[in-house]
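Please open the model in your viewer and keep the sequence panel beside it, since the tour below moves from one selection to the next. Each stop says what to select and then what is there.

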Amino acid sequence: PTFATEKLLEIDKVKISDETLRKWLLETGDWKKVRKGRIHRQWRERKHYFGEMIQIDGSDHDWFEGRRPECVLMGYIDDATNNVFARFYEYEGTIPLMDSFKGYIKLYGIPQSVYIDNHTTYKSPKKRSIEDELNNTEPLSQAGRALKELGVDVTHAYSPQAKGRVERLFRTFHDRLIKEMRLRGIKTIEEANKFLEYYLTIHNKRFSFKAIEDGDLHRELPKGIDLDRILCIKTKRGLRNDWTVSHDKKLYQVIDHVRTKSVIVEERIDGSIVITYKGTDLKYGEITQRPVRKDRPEKV
């Protein structure tokens, strides 16, 4: 009812109180009272500064109400101010996290810390190696490695209730954002992300508030740092004697000859592949047709 009264005034210039509309909807059966159960949880004080901690999560939902397949909304909410950032993706995974984090950095800078769940994108399921045991470290996912390189502290939530602010954000979006996109007939992720640029400006003006302490703890990206080199999937691959590298069922010919047994293959956000050695890009070409061995008869 509250959202409906806002749209009636905005679109149809009809002014009516939300309580009056709620009463009418109850009488017609178009709205039902929902009694919320009271759950005891330990209260956690908000962070004091903007950029001190960001809660991040993905919500897999029918955001387009059947106008296209279900997809994921990556949501970011500042713990101190409730300031929000979000983008739509086909799935929740490493590349969507990295791409959305890059968009967040461009707008606000690098936050001090993030609060995320135990999705395998964010926390590696691998067991600690002997090296991890000796160094007292935990195995990192690709996202965890990238956040560490950016100097961002990571805290993992072990239940949906623990990251309550971002969960409540998704409930608000389920109620409001879905209807806004319905009114505009939005039916593609590209259209939705373009609309979010406008929608989040309005949302943050209404729902965000001043932090307890003045100041912004976001850090600027240091000069000379290539963000694309950090926010990518890095995989160590062997370099064969014929200077070829196999990766993701593809074969690449390295043109720059280097004395090493392994190189790093970087899968960038834009889908491109970069092969590096000690931070230097190597020239390469994809081998699309492998030669047939002469001692092996061809299949007929």
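## An open sheet

In this predicted model, begin with the open sheet of 4 strands, whose order is S6-S9-S10-S11 and whose pairing is antiparallel. Select strand S6 (233-238) and strand S11 (280-281) to see the edges of this sheet, each of which pairs on one side only. Then add strand S10, residues 273-277, which runs antiparallel to S11 and is joined to it by 2 bridges. Which residue of S11 is the bridge partner of tyrosine 277? The partner is threonine 280.

Stay on threonine 280, which has its place in strand S11. With a relative accessibility of 47%, threonine 280 counts as partly exposed. If you draw a distance from the C-alpha atom of threonine 280 to that of isoleucine 264, 16 residues away along the chain, the separation is 9.9 Å.

## From the sheet edge to a salt-bridge network

Next select aspartate 281 together with arginine 229, whose side chains meet in a salt bridge with an N to O distance of 2.0 Å. This pair links distant parts of the chain, with arginine 229 in helix H9 (residues 227-230) and aspartate 281 in strand S11, 52 residues apart. Aspartate 281 is partly exposed, its relative accessible area being 43%. Extend the selection to Glu266 and Arg268, and you will have the network in which salt bridges that share partners join Arg229, Glu266, Arg268 and Asp281.

## Two further salt bridges

A search of the whole structure finds 15 salt bridges, and two others can be visited here. Side chains of opposite charge can pair when their charged atoms come close.

Go to helix H8 (residues 189-207) and select lysine 194 and glutamate 197, which are separated by about one helical turn because they are 3 residues apart in that helix. Their salt bridge has its closest N and O atoms 3.7 Å apart. Is lysine 194 buried or exposed? Lysine 194 counts as exposed, because its relative accessibility is 56%, and glutamate 197, at 51%, also counts as exposed.

Now select aspartate 175 and lysine 179, which form a salt bridge whose closest N and O atoms are 2.9 Å apart. Aspartate 175 is partly exposed, with a relative accessible area of 38%, and lysine 179 is likewise partly exposed, with a relative accessible area of 26%.

## Aromatic pairs

Switch the display to the rings of the aromatic residues, among which the structure holds 12 pairs. Select phenylalanine 64 and phenylalanine 88 to begin: their ring centres are 5.6 Å apart and their planes lie at 55 degrees, so the pair is tilted. The two residues come from distant parts of the chain, phenylalanine 64 from the loop between strand S1 (54-61) and strand S2 (71-78) and phenylalanine 88 from strand S3 (residues 84-89), 24 residues apart. Both phenylalanine 64 and phenylalanine 88 are buried.

Keep phenylalanine 88's strand in view and select phenylalanine 85 with tyrosine 104, whose ring centres are 5.9 Å apart and whose planes are at 80 degrees, so the pair is edge-to-face. Here too distant parts of the chain are linked, since phenylalanine 85 belongs to strand S3 and tyrosine 104 to helix H3 (residues 94-108), 19 residues apart. Phenylalanine 85 counts as buried because its relative accessibility is 7%, and tyrosine 104 counts as buried at 3%. To see what surrounds this pair in terms of rings, select Phe50, Tyr76, Phe85, Phe101, Tyr104 and Tyr108, which ring pairs link into a cluster.

Before leaving the aromatic residues, return to phenylalanine 64 and add arginine 68, which lies over the face of that ring, at 5.7 Å from its centre.

## The whole chain

Finally, clear the selections and colour the chain by secondary structure, which comprises 9 helices and 12 strands. How many of the 300 residues count as buried? The share is 40%. The chain exposes about 19,300 Å², of which carbon and sulfur atoms supply 51%. Among contacts between residues at least 6 apart in sequence, 64% join residues at least 24 apart.

How values were computed. Residues are numbered from 1 along each chain as its sequence is written. This is a predicted model: local features need pLDDT of at least 70, side-chain atom pairs count only at pLDDT 80 or more; totals for chains, interfaces and linings use all residues. Side-chain values use heavy atoms; hydrogens and water are left out. Two strands pair if DSSP finds at least two bridges between them. Rings of Phe, Tyr and Trp (its six-membered ring) pair if their centres lie within 6.5 Å; planes under 30 degrees apart count as stacked, over 60 as edge-to-face and the rest as tilted. Buried means under 20% relative accessible area, exposed over 50%, partly exposed in between (1.4 Å probe, protein chains only). A charge sits over a ring if NZ of Lys or CZ of Arg is within 6 Å of the ring centre and within 35 degrees of the ring normal. Contact means heavy atoms within 4.5 Å. Accessible areas come from the Shrake-Rupley method with a 1.4 Å probe; for residues, only the protein chains shown count as cover. A salt bridge is a side-chain nitrogen of Lys or Arg within 4 Å of a carboxyl oxygen of Asp or Glu.
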